[in-house]
Amino acid sequence: MEQTVDTINHIIRTRRAIFPPNYIQKEIPQEVIENILENANYAPTHKRTEPWRFIVFRGEEKLQHLASFFMDRYRNNTPAESFSQARYEAAGEKILKSACVIAINAELHPNDLPEWEETAAVACAVQNMWLTATAYGIGSYWSSPAVLKELGEFLGLPEGQKCLGLYYLGYHNAPETPVRRNSTIEEKITWA
């Protein structure tokens, strides 16, 4: 039992955001992605609404399709005199450097629960994904670009669903660095 607790503590305390520039060209096996998503499904959820919904992009063609949304958006929203080919290519770069990108969506139930509770449940699901990815040695991070509404439209989300961001994954070569906190837990606790 103690070894299990030590393992869990280690995974939680070494989890960190690892960004696509550190990803290496190595495919993540389908069964690993499925396990990461399966663990998301065990997040806590009020009234068992299980609001998390995911769209998985993997493989060159699917990743290019997602990257094209950001690249096209840059092209269509940038005046010709300000257009930069480097920025255009950079708009999709994070996606194309990833082995897998998962759109994180919430299915809202406004008659049953406030949106913040559904969002919190989705965040718990993503934390499960993050911890599982860490256990597999896969780098990941959750990004919430400023264009979530447009991204949701691009993804074709049905009414009642909302995009909360993109979750990037990839095996990586980032050096181990300790996770830093601004203060200790003792400074954040009041014992009643």
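In what sense do strand 2 (residues 100-107) and strand 4 pair, and over how many bridges? Keep that in mind as you open the model, which is a predicted one.

**Stop 1: the pair in question**

Select residues 100-107 for strand 2 and residues 161-171 for strand 4. The two pair in the antiparallel sense, over eight bridges. To see one of these bridges, show Ile102 and look across to Tyr167 in strand 4, its bridge partner.

Now stay with strand 4 and display its surroundings. Of its 11 residues, 10 are buried, so the strand is largely enclosed by the rest of the structure.

**Stop 2: the other side of strand 4**

Next, add residues 138-143, which make up strand 3. Strand 3 pairs with strand 4 over six bridges, again in the antiparallel sense. Here, pick Ser143: its bridge partner in strand 4 is Leu166.

**Stop 3: the whole sheet**

Bring in strand 1, residues 52-58. You now have an open sheet of four strands in the order 1-2-4-3, with antiparallel pairing. Strand 1 and strand 3 are the edge strands, each pairing on one side only. If you look at how neighbouring strands are turned against each other, the average is 25°, direction ignored.

Strand 1 joins strand 2 through seven bridges in the antiparallel sense. Try Phe57, whose bridge partner in strand 2 is Val101. Then select residues 60-77: this is helix 3, and it packs on the sheet, touching strand 1, strand 2 and strand 4. The direction of helix 3 makes about 110° with that of strand 1.

**Stop 4: a threonine in a loop**

Go to Thr49, in the loop between helix 2 (30-40) and strand 1. Is Thr49 buried or exposed? With a relative accessible area of 12%, below the 20% cut-off, Thr49 is buried. Leaving aside residues up to four places away in sequence, Thr49 touches His109, Leu113 and Glu118. Show the side chains of Thr49 and Glu118 and you will find a polar contact between them at 2.8 Å.

**Stop 5: two crossing helices**

Finish with helix 1 (residues 2-14) and helix 6 (residues 115-135), whose axes come within 9 Å and cross at roughly 105°. That crossing makes helix 1 roughly perpendicular to helix 6. To view the contact, select Ile11, Ile12 and Thr14 on helix 1, together with Leu131, Thr134 and Ala135 on helix 6. Colour them by class and you will see four nonpolar residues, two polar ones and no charged ones.

Terms used. Residues numbered from 1 in each chain as written. Predicted model: local features only at pLDDT ≥ 70, side-chain atom pairs only at ≥ 80, totals over all residues. Heavy atoms only, no water. Buried < 20%, exposed > 50% of the residue type's maximum accessible area, 1.4 Å probe, protein only. Pairing = 2+ DSSP bridges. Polar contact = N/O pair within 3.5 Å; in protein donor to acceptor, adjacent residues only side chain to side chain. Contact = heavy atoms within 4.5 Å. Axes fitted to C-alpha atoms, helices over the stretch in contact; angles between N-to-C directions. Parallel < 35°, antiparallel > 145°, perpendicular 65-115°, else oblique. Nonpolar A, V, L, I, M, F, W, Y, C, P; charged D, E, K, R; others polar.
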